[in-house]
Amino acid sequence: MNPVNYLYLAALLFTIGASGVLIRRNAIVLFMCVELMLNASNLALVTFSRLHGNLDGQIIAFFTMVVAAAEVVVGLAIIVSIFRTRHSASVDDSNLMKL
Amino acid sequence: MNSLIPLLVAAPLAGAALLLLGGRALDRFGHWLGTLAAALSFVFGLVLFFSMLGRSTDQRPVHVQLFSWVPVNGFQADVAFQLDQLSITFVLLITGVGTLIHLYSVGYMAHDERRRRFFGYLNLFLAAMLLLVLADNYLLLYVGWEGVGLASYLLIGFWQHKPSAATAAKKAFLVNRVGDVGLSIAIMLMFTDFGNFTYLGVFGAAGQASRSQLTAIGLMLLLAACGKSAQVPLQSWLGDAMEGPTPVSALIHAATMVTAGVYLITRSHAIFDLAPDAQTAVVCVGAVTLLFGAIVGCAKDDIKKALAGSTMSQIGYMILAAGLGPIGYVFAIMHLVTHGFFKAGLFLGAGSVMHGMDDEVNMRHYGGLRKYMPITFVTFGLGYLAIIGFPGLSGFFSKDKIIEAAFAKGGTEGWILGLVTLVGAAVTAFYMTRVMILTFFGEKRWQADDEGHQPHPHESPSTMTLPMIVLAFGSVFAGGLFAFNSSFLKWLEPITGHSEGNSPLSSLTVTLLTSACLLVGVALAYVVYGRSPVPVTPPVGSVLTRAARRDLLQDEFNHAVLVRPGSALAAALVYLDSKGLDGFVNGLAAAIGGISSRLRRVQNGYVRSYALSMFGGTLVLVATTLLMRSV
Amino acid sequence: MSYLLTATCVVPAAGAILTAALPAGSTEARRRTTKLTALAVSAATLALAAVAAARFEPGGARYQLTESYSWIRSFGINFSLGVDGIGAVLVLLTAVLVPIVMLASWHDADPAPAPEGTFENRRRTQGFFALILAVEAMVIVSFLATDVFLFYVFFEAMLIPMYFLIGGFGDKAGGPEAARQRSYAAVKFLLYNLLGGLVMLAAVIGLYVIAQQQGQATFDLQSLTSAIADGKLVIDPTAERALFLGFFFAFAVKAPLWPLHTWLPNAMGESTAGTAVLITAVVDKVGTFAMLRFCLGLFPDASKFFAPAILVLSVIGIIYGALLAVGQKDIKRLIAYASISHFGFIIMGIFAMTSQGQSGATLYMVNHGISTAAWLLVAGFLISRRGSRLIADYGGVQKVAPVLAGTFLIGGLATLSLPGLAPFVSEFLVLVGTFSRYPVLGIIATFGIVLAALYALVLYQRTMTGPVKDGVRGMADLKVREIAVVAPLVALTVFLGVYPKPLTDLVNPAVNDTLSQVHRTDPAPAHPVAEPAGGEQK
């Protein structure tokens, strides 16, 4: 199977994630969309690793996973605490810092 | 002996300082303190005069250096005095008449609660005027020049609660300031031409300067003289200056300060002698003013304003004489001194009349006062005879000489000037006779004021009549004394120089012509005012009369040419400054603020839109990179 | 090395900190302690300044009592002070005026009843007097600095205390609208002057870079000027002109020169009379002083190149300021526009480049400071009595308060340069100095004296003479404290008008040195008096 097809899949996933980030208001969904984008890029990285025949891409994919895990921990904690105080997970409602 | 010279100035200056700073403690005897200061200065003047008389002619001028005033590289101004025949003449006139008027004011201002301050200002005036005539350089003269202007400002506006007095004071100062610009520029010209502005230095170097330079200096000095001496075109302040108390009008606006212009021109004779064009200008100014003042004097019903017109006209005579050059200098000064006597006497007489008539100034409300105020009538009458040039009295000798000098100028110019001065003499006789008839002769015409008070004309107290009597003596005898053996001529000639000129008419012819003019003037006035009762409300009169009542429209002219455009310009600039210059800056600020508040909207607080802009930005970056690579 | 000059700067600075740190509180006794402390500090500063001026020898080196401490070594920046004749008289002026301003503003910073919804500032009095001392310290450093960078820092830094003085303390009268006007004025003052300062900073750096390229990496004024004079430091004409403009712009904003003047009427109008005196008599003088010391010293050729243009601007300023003063309805703004006219004279004197002009300009700075302070402070006393700045609200004051009216008249007469009072000497010197090189400009400027008489006397006439107006009736005359404020100023105005020699002796050598830096000599008179007679006529 042509490895380039994996790249098409990665682009598709990335686009879905990006559209989700732009369109959805729910913080959890937003978060999942960000994860989707991260995974799309992981897939692209691994594919490139295969194409070029070296391990650089796979190493970077591991980094991304670690960062994504850390981000999920912090991000979910923030979302949960916002939900507790404001009873809403919508990102548009959090506008205290807005001028 | 010379150490007395600074004391001449110091005595009244100390008096002024004491009176103005002393506070209420001095209220009881302050006026006598002021009079004493003036008298002291007069005594110093007399001592110096007699010591000068005792010296030979070339030893007479003395010079006293006090201290270095403004020492800057290349610019040396000193406080130094020069006492010569010319300045001692002025010193005696100023302090003599000054002392008399101080004495008069003791009575005249007796009921004024601010009398102490009045005497303080009078002393300040004396100090400044003495500084003016004693200075040995133009810059120090300038100090005295503006100092008398200040004293005049303070005294014209002495009754400050009257808006008209405050306005008149400001007007006098402002018009004088225009003249002062002339003096400033003259000094600057001297400095750039000669590097010096002492009399000695400038007159010594004047011979090397070009004629155009000297003409420029001369014209600027003339401008200064016009301001101070109320000559056309800067004459408009003198009439209004009569708002001041009458002793002030006598001392400052008749006898001394207004003659400073004549002093300035005579003092600067070394410059004018070498600048014939400037001299012509001086003569023209003098001739025009002499007629201007006389015409105005004919129409005024206010006794002080009529006398003010007369002052203007008489100073016109002096300026004209000074413009004639060496033929006229001595006679200009001689007329100045005799005029000082009789005009001061006339003003004091007018003040005495006003004092008795509850400050009424309108001559149409006088009449027949000779019976009620005999001393005033006699002294005023002698002054009147002196000013019209009645043979044998002071004015006759001095004015006659000026008319003679005008003819002696020679050529067409001489004829024109001679005729102008003759016409002036006739008009003088006319308006002075009018004043005399309206005030002292005819039926009594005074009326009760609004509250029903009938004036009770009465003779003034002796502090007031005594100075009038002394001045009347001066009006009668001073001229004869000066003319006797040409003593005045011989006294001043070493300073101003003198030449006889070549008159087409003999001295006797001129005297006869003058006397004829005098007779015509008096007769005419008698015909108009003496034979029939004078109406209390003035008749409408001819166009000329109506114009003359309004000072030949001088204020209308100044208003249209200077005041209105000036205030319009100021208003326009105020608008431009806030809307134009400031508006530009504020507009810039507003523009920046507007742009910022637009840009602020981009930060709307929605994560989505930030993310969109990030995506957009990334896309643009990638696209550019790809495009650049393909190119 | 003596520490005299450092002490003169440090004493007010330390005093400012001390005053600010004094215990807060709204009791009368606490405020009194604060005021007396600040007054004592300013008196001590005056004493130090007087000692410094007395130790200065007019015949000696240009800069005396010099001190230098290393500050930022890698850029050759030093904390170096030195005094010349021009600096000496201006330091004296500052030191004399500050205690007088304090005495005049004695009650200006007493806590006003706090409006609804705001809290009372209990440190108001401490703040006001500490800010005045801070301004004094910074101004004195600017007058004494012989290091370009040091000068720049303090030239800019003094804006901050001035900003708070203008914005924080104004006439007691007036509600929210007055406060809005005041903060507008303060911001305008700050923005104008910061803009000027920014341009100057660029020029300062530019100068350093050029000097460094030629092996003269220093900010020291004396090293720079002597290097320029000796030809060791050659600045290309275009660069020199650009640098000159950078410096001059900052000074012209501060001075202020037409058309950069519009911040001054706002700042002087909205602030207290004391602050207005600090602005016009002290802070603005740093601008004109710096033109004389830095513009002419560092950029002699560019100064000569731009002199005619600057002279034209200053003559416009003279006439324009006077005309606007005539048109004003507000007493303090009138005085502000009069000051703009006077600054025109000062700048004209500096750039006429004659010894009369520059000596006159330096004297003018001192005399204008003293006489305007007298005029403005009396105006302040008047305004505090009636609670209005509008001329139309007054009339007949002379009748009820003769001493107030008399001192106000003296202030006005000094402003119109009456001979015998100090401003006349300086104004005439400036005019003569300008006339001898640029006759036409000199004559136009001379007409400024007519306009000066107009605005000064019209102001006096409208406020002081005529019938007594309603709001004026019962107005109290000057109190003892107020007389103590005005008396020394009036005495100085008279004394320096009659005997200015002590000042001219200090100033003349420094002016000679400045003129030789720009290679200018006075124009010789056409027919000098000393020349033997018989010269050819033109």
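Student: Which chains have the most contacts between them?

Tutor: Chains B and C do, among the 2 pairs of chains that touch. Keep in mind that this is a predicted model.

Student: How do you know that chain A and chain C do not touch?

Tutor: Contact means heavy atoms within 4.5 Å. Chains A and C do not meet that, and their nearest C-alpha atoms are 23 Å apart.

Student: What makes B:Asp577 a residue with no salt bridge?

Tutor: Look at the nearest side chain of opposite charge, C:Arg333: it's 5.5 Å away. A salt bridge needs a nitrogen of Lys or Arg within 4 Å of a carboxyl oxygen of Asp or Glu, so this pair doesn't count. B:Asp577 is buried all the same, and it lies in helix 23 of chain B, residues 554–600.

Student: Why is the link between B:Asp577 and C:Tyr320 called a polar contact?

Tutor: Their side chains come to 2.6 Å, and the cut-off for a pair of N or O atoms is 3.5 Å. Leaving aside neighbours within four places in sequence, B:Asp577 is also in contact with other residues, including C:His261, C:Thr262 and C:Leu324.

Student: How many aromatic pairs are there over all chains?

Tutor: The count comes to 55. One of them is B:Tyr138 with B:Tyr199, at 5.1 Å centre to centre and 90° between the planes.

Student: Why is that pair of B:Tyr138 and B:Tyr199 called edge-to-face?

Tutor: Ring centres must lie within 6.5 Å, and planes over 60 degrees apart count as edge-to-face. With 5.1 Å and 90°, B:Tyr138 and B:Tyr199 fit both, so the name applies. B:Tyr138 is in helix 5 and B:Tyr199 in helix 7 of chain B, so the pair ties together parts 61 residues apart in sequence.

Student: How do you know whether B:Tyr138 is buried or exposed?

Tutor: Buried means under 20% relative accessible area. B:Tyr138 has 0%, so it's buried. B:Tyr199, at 1%, counts as buried too.

Student: Then what is B:Glu413 called, buried, exposed or partly exposed?

Tutor: Its relative accessible area is 35%. That falls between the 20% and 50% cut-offs, so B:Glu413 is partly exposed. You'll find B:Glu413 in helix 18 of chain B, residues 411–440.

Student: What makes C:Arg241 a charge that sits over a ring?

Tutor: Its charged end is 3.6 Å from the centre of the C:Phe305 ring, and the distance cut-off is 6 Å, along with an angle within 35 degrees of the ring normal. The charged end of C:Lys254 also sits over a ring, that of C:Phe155, at 4.1 Å from its centre.

Notes: Residues numbered from 1 in each chain as written. Chains lettered and ligands numbered in written order. Predicted model: local features only at pLDDT ≥ 70, side-chain atom pairs only at ≥ 80, totals over all residues. Heavy atoms only, no water. Helix = DSSP H or I, 4+ residues; strand = E, 2+ residues; numbered from the N terminus. Buried < 20%, exposed > 50% of the residue type's maximum accessible area, 1.4 Å probe, protein only. Lys, Arg positive; Asp, Glu negative; His and termini not counted. Polar contact = N/O pair within 3.5 Å; in protein donor to acceptor, adjacent residues only side chain to side chain. Phe/Tyr/Trp six-rings, centres within 6.5 Å; stacked < 30°, edge-to-face > 60°.
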